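Visitor: I work with force fields and docking, and I'd love a guided look at this protein. Could you take me through it, one question at a time?

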Amino acid sequence: MIKDKVVIITGASSGIGAATARLLAARGAKVVLGARREKELKQLADEIEKAGGQAAYRTLDVARQSDNDDIVSLAKQTFGRVDVMFLNAGLMPNSPLSALKMEDWHRMIDVNVKGVLNGVAAVLPSFIAQKSGQVIATSSVAGLKAYPGGAVYGGTKWFVRDFMEVLRMESAMEGTNIRTATIYPAAINTELLDTIRHKASADSMHAIYRQYGISADRVAEVVAFAIDLPDDTTVNEFTVGPANQP
Ligand code: NDP
C-alpha cells in the first residue's frame, strides 16, 4: 500500500522523479524530495502540500555520501521512518567514444553508479534494522541494449541492473524483507536530453524523443504499482516506454 509510506526520491526536481512525487503524494505517501536545485524542490513540496499532501525536501548531490545520509536522517526526523528509497537521479551526456568527453564519462559514473551505491549505503542499515523496505532504481532501456553514443551511459545503467538483482537475491537470502524494483524507461519527455553536450548526439536523441516521447507520468504509474504490491510480492523489472517506439 502506498498510503502513509515514507518515500525518498532522488532526482525529484524534474522529470520522472517530480512526476512520481506528485502521484505518490496524491495517493497518500509522505515524500522526501532530493536533488541539487533547491528552488524546484521547494516549489514541488509547496505544490504537494497545497494539494493536501505531505512533503519534505533537501538539496542533495547523490555523488556525496554525506548528502545521502542526511536525506535519510531528514526523512526519519520528519516522518519517523523510511519505507521506500527511489534511486532515480541521473544524467545522460551521450557522445561517441572518439569525442573523448572524459569529464562526462566520469560524471555519469559519479551520479548514475556511485549515486546508487551511496543511496543504498545510506538506507540499508535502517531497512535491515526494521526488517522491511523497498529499493527502486531507475535504470534505462540503455541498460538492456547497447547503442552508439551510449557506451558510458549504457554501462552505468547495466551496472544498476546487476546491482539491483544482487541486492534482491541477498535480501531474500538474508531474510531482511527488502523488496527491489528496477525500472527501464525508453523515451520519456523530461529534461534529460539537456545533459547532452555533443551536438550530433543531442540532435539524434531529440529526433527520437520528438517522434516517440511520452509523459513522465507514465513512469510514475509504474513506480506506484511496484510500491502498491503486497509486501510479500515483488516485480523486479519493468520496461516502460512509448507503445509505438520500436
Ligand atoms: P531529468 O533530467 O528531468 O531528471 C534528472 C534528475 O536527476 C533531476 O531532478 C536532477 O536534478 C537530478 N540529478 C542530476 N544529477 C544529480 C546529482 N548529482 N545529485 C542529485 N540529483 C541529481 O531526467 P529524467 O527524469 O528523465 O531522469 C530520471 C532518471 O531516468 C535518470 O536516472 C535517467 O537516466 C533515467 N532515464 C530516463 C529516460 C528518459 O527518456 N527520460 C530513459 C531511461 C532512463 P538537479 O539537476 O536539480 O540535481
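**A walk through the model**

Visitor: Is the crossing of α3 and α4 left-handed or right-handed?
Guide: Happy to start there, with a reminder that this is a predicted model. A crossing takes its hand from the way the near helix is turned from the far one by less than a right angle, with clockwise giving the right hand. For α3 and α4, the crossing is right-handed.

Visitor: Which residues of α3 make the contact with α4?
Guide: It takes two sides to make this contact. Helix α4 brings Asn118, Gly119, Ala121, Ala122, Val123 and Ser126. Across from them, the residues of α3 are Gln65, Asn68, Asp69 and Val72.

Visitor: How many residues of that contact are charged?
Guide: The contact of α3 with α4 includes 4 nonpolar and 5 polar residues. Glycine goes with the polar class in this scheme. That leaves the charged class, with a count of 1.

Visitor: At what angle do the two helices pack, and how far apart are their axes?
Guide: Two packed helices are described by the angle between their axes and the distance between the axes. Here the pair is α3, residues 65-79, and α4, residues 102-130. They pack at an angle of about 40°, with the axes apart by 8 Å.

Visitor: Is Gln65 buried, exposed or partly exposed?
Guide: Gln65 sits in helix α3 and is in contact with Asn118 and Ala121, once neighbours within four places in sequence are left aside. The C-alpha atoms of Gln65 and Ala122 are separated by 7.5 Å, although the two are 57 residues apart along the chain. Gln65 has 14 other C-beta atoms within 10 Å, so Gln65 is partly exposed.

Visitor: Which residues are closest to the ligand?
Guide: The ligand is surrounded by 30 residues. By class, this shell has 15 nonpolar, 11 polar and 4 charged residues. The closest are Gly11, Gly15, Arg36, Arg37 and Gly90.

Visitor: Which element gives the largest share of that shell?
Guide: The protein has 7 helices and 9 strands to look through. The largest share of the shell is 3 residues. They come from the helix at residues 15-26, α1.

Visitor: What radius of gyration does the protein have?
Guide: The C-alpha trace spans about 50 × 45 × 35 Å along its principal axes. For 246 residues, a compact globule would have a radius of gyration near 18 Å. The value for the protein agrees with that, at 17 Å.

Visitor: What share of the contacts joins residues 24 or more positions apart?
Guide: As background, 45% of the 246 residues count as buried. The share you ask about is taken over contacts with a separation of 6 or more. Of these, residues 24 or more positions apart account for 72%.

Visitor: Is Ile196 buried or exposed?
Guide: Ile196 lies in the loop between β7 and α6. Beyond its neighbours within four places in sequence, Ile196 is in contact with Met92, Pro93, Asn94, Ser201, Ala202 and Met205. The cut-off for burial is 20 or more other C-beta atoms within 10 Å. Ile196 has 23 such neighbours, so Ile196 counts as buried.

Visitor: How far from Val141 is Val240 in space?
Guide: Val240 belongs to strand β9, residues 237-240, and is partly exposed, with 18 other C-beta atoms within 10 Å. Residues that Val240 touches include Ile183, Pro185 and Val222. Val240 and Val141 are 99 residues apart in sequence, and their C-alpha to C-alpha distance is 8.5 Å.

Visitor: Which loop residue after α4 has a positive phi near 55°?
Guide: The loop in question lies between α4 and β5. Its residue with this phi is not a glycine and counts as exposed because there are 10 C-beta neighbours inside 10 Å. Thr176, in the loop between α5 and β6, is in contact with this residue. The name you are after is Lys131.

Visitor: And what is the phi of Asp4?
Guide: Asp4 is placed in the segment before β1. With 11 C-beta neighbours inside 10 Å, Asp4 counts as exposed. Its phi is positive, in a residue other than glycine, and is near 70°.

Notes: Residues numbered from 1 in each chain as written. Predicted model: local features only at pLDDT ≥ 70, side-chain atom pairs only at ≥ 80, totals over all residues. Near = placed C-beta within 6 Å. Helix = DSSP H or I, 4+ residues; strand = E, 2+ residues; numbered from the N terminus. Axes fitted to C-alpha atoms, helices over the stretch in contact; angles between N-to-C directions. Contact = placed C-beta atoms within 7 Å. Rg over C-alpha atoms; globule rule 2.2 N^0.38 Å. Buried ≥ 20, exposed ≤ 12 C-beta atoms within 10 Å, placed from the backbone.
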